[in-house]
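Me: I am new to this structure. Please go through it with me in short turns.

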Amino acid sequence: MPVARSGPPQQADPTRAGRDFELTRRIDAVRRRKERMSEAVRPILQVTLPERETAPEQDAGFLWDFWYPAIRSTEVAGNRLATAMLLEVPLVLGRTAEGKAFAMRDSCPHRGIPLSYGRFDGKTVECSYHGWRFEACSGQCVEIPSLTSQDKLKVERIFAVHYPCEERDGYFWVYMNAVGSRLPETIPTTPKLSTFSDKYKITHLDCELPSHVDQGIIGLMDPAHGPFVHQSWYWRSRHSIHGKEKKFEPIPNGFRMSPHTPSSNSAPYRMLQKYTGEPVTTTIDFVLPNIRTEEIRSGKLWFSSRATVTPVRRDLCRIDFVAAWNLFLPVSIFRIFAKKFLRQDQGTMILQAEGLKHNPRLMLIDDADRPAKWYFGLKANLQESRRTGAPMVHPMNGPVTLHWRS
Ligand code: FES
Ligand SMILES: [Fe+2]
């Protein structure tokens, strides 16, 4: 008997074949309903599986358990909540009525809606979905409005994921401890920009680079691109390229370009020396995870800067640049030049990203790329020491002199 039917609902058929057909039809309907339901439920299950939280982070090449600058302090005023992404973790940040900075994962532990859509009263963040409230600095749940007096749920045992957060040098710094890891008993202090007098000018700049943080960092410490990327009449031209000799020494978690008299082919340094009549010395440090500092001193005058390259996502990083000085140099003038400098780097990285899309094989050459090799060595050795618990081996054996032309 043919069973393929469609059209209006069928009357139950009393014959055996009819009963079989009816049974098959009902089973099919139940199966289809189950499928529809599991389709609806699957996304919820997927986001709550623990692997979903950790898997993307495992192979992204980020360094966890460090402070990273998330936003500028100026982005938060009153009870306004700000958002940021660090190491592919969405964050909601704010400042309590008492002035304490806080950072939580921008995701309600109940159903995952971003907490930044909720309300902040200066002490607690209220989720916009079911009104759960979380103490901003600890992430501890303090209220679930749907509970009745019969409910036994221990509200205080529920926490929104939160991170240590501090304000310094005009940034909200967030200590990004790896998912599922415990915070160390003592967290290192947040990085601080060195300053050498009571009065000084300070300014902040930032720019996004469409690349992995490693490319951003080795671009930052790369001496050989200067004459090609940063050509300008007041700084240098490609014809000013000449041989250089620089001494480097290992420092904890990084390396230092030993204090030296900076390149004589750079006009600003020449001017500074003329003005003070005293030698100009520059010290440049790089330390993990992402910090390059530079101090220029000549007599009582000084200039100090810090650039950090922070991973936002695996395909996006951001340079945060802060500089302070007591030279006669108006902030507005400095910003014009610094912006141009950053834009030149940014433009180059945008072009580079085009090439990197196709996963080319790359090279690091001696001596110009030796700092980049140290960076990768430091990173790998740190991860190895964290994995084994053994002390970290520094990739440099001692002071080294490098030679290149730039
Ligand atoms: S999703 Fe936040 S309270 Fe339900
Ligand atoms: Fe550059």
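Reply: Buried means under 20% relative accessible area, exposed over 50%, and partly exposed in between (1.4 Å probe, protein chains only). The model is predicted: local features need pLDDT of at least 70, side-chain atom pairs count only at pLDDT 80 or more, and totals for chains, interfaces and linings use all residues. Residues are numbered from 1 along each chain as its sequence is written, and side-chain values use heavy atoms, with hydrogens and water left out.

Me: Is D345 buried or exposed?
Reply: The relative accessible area of D345 is 19%. The limit for buried is under 20%, so D345 is buried.

Me: Which residues are the protein donors of the iron ion (ligand 2)?
Reply: Donors are N, O and S atoms within 2.8 Å of the metal (3.2 Å for Na, K and Ca); water is not among the atoms, so sites may look incomplete. Here the donor atoms lie 2.1 to 2.6 Å from the iron ion (ligand 2). They belong to H225 (NE2), H230 (NE2) and, through two OD entries, D345.

Me: Why is the arrangement around the iron ion (ligand 2) irregular?
Reply: Four donors count as tetrahedral if all angles lie between 85 and 135 degrees, and as square planar if opposite donors are over 155 degrees apart and all others between 65 and 115; anything else is irregular. The arrangement is irregular because the four donor atoms subtend angles of 54 to 150°.

Me: Is I336 buried or exposed?
Reply: I336 has a relative accessible area of 55%. Exposed begins over 50%, so I336 is exposed.

Terms used. Chains are lettered from A and ligands numbered from 1 in the order in which they are written. Four donors count as tetrahedral if all angles lie between 85 and 135 degrees; four count as square planar and six as octahedral if opposite donors are over 155 degrees apart and all others between 65 and 115; anything else is irregular.
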